[in-house]
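Visitor: I've got this one open in the viewer. Can you take me through it, starting with how the chains meet?

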Amino acid sequence: MDGLWWKQEKDINGFVALANTTSGKLSATLQLTDDKGASYSSRMVSVSPHGMKLVDLSPSDFPSGASGGIHITYDGPQSALIVNGGLEDLNTGYSAGLDFRSPPSSTATQTEMSFAELGLMVGAADPMMNFPARTKFTPYSILRNVSDAPASATPTLWWMAGGTAQSSQLPTITFNPGQSQVLDIPALISGAGLSNFNGSVNLVVDVKGEPGALLLAAGSVDQGNTYVFQVSPRGILESASKSLAYWSTGNGDDTMVTVWNAADEAQDLIFKLLYTGGHYSFPIHLGPRATQTLNISEIIQNQIPDSEGNTVPASIHEGSATLSGSNAENEHILVASDVGVYNVKKATCGEECYTCNGWVEAWLTPSPLFVETDASVQMSFMDEWNTGEEYNITDYASWSGGGAISLDPSIPGYVTGVWGAPGASVSVTDSDEPIYNEYCGPDGDDPCPLGFGVGDGESGTVGDSTPVITGITPGELDSGSTTQLILSGSGFGTNAPTLTFSPASGITYSLTSYDDTEIIAEVTVASGTPTETLYVKVTSTGYTQYGSGFYSGGEGQSATSSQASTTVQSSAVPSATVTVAFSGSKSAGDNLSFTAANPNECSQSLGLLTCTSAWHWNIEGQGIVSDDASKWTITQSVTGYVKGTVNEGGVLVPYSGTINIPNDVYNSTTFQNNSGQTTIYFIDGPGSLKTVAGYPVSSVTVTQNLTTTLCSTTAPSVCQTVSWYSTLSVAGGTASSTLSKSFYGTANFNF
Amino acid sequence: MRVISSLMLGIAMMSGLCAVMAGQQRSQIEDLFAKLDSGVTNEEASAELRKFAADDPESRDYITKRLLVLIRGEDKGFLWYNSVQLIGQLKITEAAPTLAEALRRDHRSGFFTLGLDARLYDDPVAKSLSEIGEPAVDSVTKLFQDGDTPTRRRTTIVLSNIGSASAREAISRQIVNESDAELKAFMQRKLDRKE
């Protein structure tokens, strides 16, 4: 541990208090050095477990110079020994506290840091402070290098003149290790033309060296060394608000607050007094590098209402305070401040602890993170300050993520689940958020805040979304037909989904295509399905990247969507009535032609015909259908028997045979089923050629039983059949109109 | 020695038996061919001959040779008509060139319906060529080159009945050169499967 001593007067006394925080005895050596760092005297002491040892320093213990060091070593662990001390002269009432600190690490790197020693009183005391008449103050400032490397200091004096800040800079001073020096502040003031200056000045010391290399002590002391106003050097750093632990105006106390704008631009601040039962806000406007000194008793006495109409009740004599930007407590400001509670009657002056406000806890919400594929979650990054306030710093933080999520760069914290592995992580940092720290005693010259930055991380899960059907087309499915059904929505997955129809009877489907937002399926509604509302649900089987199966991630999503509906429109079961005309003429709407259909034909008439090369029995079939003629087809089968004779050169030679034609055909010349019409026509002319095996037929009887069937193409099970027959009887080359016949039914051919 | 002699005798008897049975088959087949020359017994004879051909390759070979000789005769009479019909039922591809030549004449015979006639299934020559199928395409297609209009019409129907890619391609090629407008339209309807 290292400390700093100086002689405000020639025969100064002092003391060092050593407190052992351990349960073991500590042996300590206290060594006083001169302003070059050379050892002058030393004392060895033993401190009992949890005990304290007070070491008095007499004038003979101090070297002859104006300043020097106090170097303390001990044989215990770090922080085992707490050291404090003071300089005093009981005759004059002089007293000054001594700060001790551990020297910086020998491996520390050189840095630049500025320290402000605020409110150094110069000349005649401010009458408002109620010091005895003709009390004059002189500032002092001492520096000692406690590191093992050289350090430099460039002091600059700042004061207010005409409402603006003025400054004067001293040459840079280099301190070797252990070296100390009392700055000649009076000469600096005089050199700046302030010989007759009465008021307060600030001394800003720009230091280059290892962090904490220079130990500083400063203050003001009156000409009788009775009143000593020590100030703590404050590290200058941008911060958020600061809290002052204590102020007092009771029992002769008063509190002096000095605020210095360390920035090159003006700043608006709020100094808020907090006390039992209320608060009072005092606005401060500071020009660049300007200083303002406040006497809290003066603020109270003025009774000027603040922006909220508050005044500090006269009965209030103590409290705490905050210094913040005028907009919010987390607004960044660049000021140095110091508070001193003094008592003129008691000739005491003390420094108070203060707090550099900042975050003490931070968290991400929601926690744990869960987001569905293709869905988004707005995350928030929150922190809580030592003041109890919570802040949403989502927009100020830097976000990054990994796994199956994406982060929208334009919307901080906006997380979207994407296809991929189900694991995800989010991390966030805000490098501008000040870290809370409290400053008391030897830490007073630490920068405020000690640092910036807050971060957090959250692991998460990405699960498949519950499928949602937002559209279904068409709105009507015809029974007895296959229709392309298009489902639009989200969360369908990239694996083949399944569709569930209700009522399921008569409904079949096959997937044509599918992706996460659209499913196209061929849906067949069986003929005869009644008109009804048809509900459909989509069940996701997840995404290809996950393998098969729906992944909920332990949350409550369902693999199956809510139902959407369309309508089944029953088409009446098609029907047909088939008749056959066996004589007479063809119907007017029948455009078929016997002669065009067959070269043996010789007439468009129905019934028995004797043509040049054949005998026929022409018929016309007619089908009346319930829907459309074009939706019907025709088939025919024939059985029968033929028996006859041919004339082979005057010899009649018999012939006979069975007839079995299972797949007789019709074509466009014999079958008319025009679209848009409900009447079907078909023609046939069964019969016999007049030659058999190249010889003329002398006689023949041929009976054909024909079964003609019309079937619906929209309802393949719907068919209508007509059975009819044709018997031709020829004798002597002439067809018999009496024995030949054609009609409904079947004919016996056992002849 | 006796044993060996007995074995040798057995082999000799087996060979003789086979020769006797083959002769019996030929005799039976010839009897059936005789029945084929009738308009009354032809159905039964055809069925028996098909059975011989299906059961025994040698019989089929014999029947094939007999039929190929028979159809080269005058295209008249029950034997010729029934032989042509049997060739189609047995799908004897070697007969395709001879039958294709016979397609130059109309051989329609006996009973019909308009549907049967539309496919020339009342013409045993056209029907047999249709039943032989793809192997008959080249022989039939040649009729487009020098056949008269009725022959080209019959050729079109047979190729349409066969229905193979090469058969349809043959019709397509003929459409380009067909001089008879009505037949040309008929060919197109066949390709469009409207007839």
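Visitor: How many salt bridges are there between chain B and chain A?

Guide: Zero salt bridges between chain B and chain A. Keep in mind that this is a predicted model.

Visitor: And residue pairs in polar contact, how many of those?

Guide: There are 14 such pairs between chain B and chain A, with both residues at pLDDT 80 or more.

Visitor: Which elements of chain B give two or more residues to the side that touches chain A?

Guide: Helices α2 (42-55), α4 (78-90) and α6 (114-118) of chain B, plus the strand β1 (111-112).

Visitor: Which of them has the largest share?

Guide: α6(B), with five residues.

Visitor: How do the residues on that side of chain B divide by type?

Guide: Eight are nonpolar, seven polar and eight charged.

Visitor: How many residues does each chain bring to the contact?

Guide: Chain B brings 23 residues. Chain A brings 42 residues.

Visitor: What about area? How much do the two chains bury between them?

Guide: About 2,500 Å². Carbon and sulfur atoms carry 59% of that.

Visitor: Which three residues of chain B supply more of its buried area than any other three?

Guide: Phe111(B), Phe112(B) and Leu114(B). Together they supply 29% of the area that chain B buries against chain A.

Visitor: OK, switching to the fold. What's the secondary structure of chain B?

Guide: Twelve helices and one strand.

Visitor: Where does the strand fall in the order of elements?

Guide: From the N terminus, chain B runs α-α-α-α-α-β-α-α-α-α-α-α-α.

Visitor: What percentage of chain B is buried?

Guide: 47% of its 195 residues.

Visitor: And contacts within chain B? What part comes from residues 24 or more positions apart?

Guide: Those account for 60% of the contacts with a separation of 6 or more.

Visitor: How much surface does chain B expose?

Guide: About 9,800 Å². Carbon and sulfur atoms supply 54% of that surface.

Visitor: One residue to finish. Where does Gln188(B) sit?

Guide: In helix α12 of chain B, which covers residues 181-191.

Visitor: Why does Gln188(B) count as partly exposed?

Guide: Because its relative accessibility is 34%. Buried would be under 20%, and exposed over 50%.

Visitor: How far is Gln188(B) from Ile175(B), in sequence and in space?

Guide: They are 13 residues apart in sequence. In space, C-alpha to C-alpha, Gln188(B) and Ile175(B) are 7.4 Å apart.

Key
Residues numbered from 1 in each chain as written. Chains lettered and ligands numbered in written order. Predicted model: local features only at pLDDT ≥ 70, side-chain atom pairs only at ≥ 80, totals over all residues. Heavy atoms only, no water. Helix = DSSP H or I, 4+ residues; strand = E, 2+ residues; numbered from the N terminus. Buried < 20%, exposed > 50% of the residue type's maximum accessible area, 1.4 Å probe, protein only. Contact = heavy atoms within 4.5 Å. Areas by Shrake-Rupley, 256 points an atom, 1.4 Å probe, with all protein chains shown as cover. Buried area = accessible area lost by both parts, 1.4 Å probe. Salt bridge = Lys/Arg side-chain N within 4 Å of Asp/Glu carboxyl O. Polar contact = N/O pair within 3.5 Å; in protein donor to acceptor, adjacent residues only side chain to side chain. Nonpolar A, V, L, I, M, F, W, Y, C, P; charged D, E, K, R; others polar.
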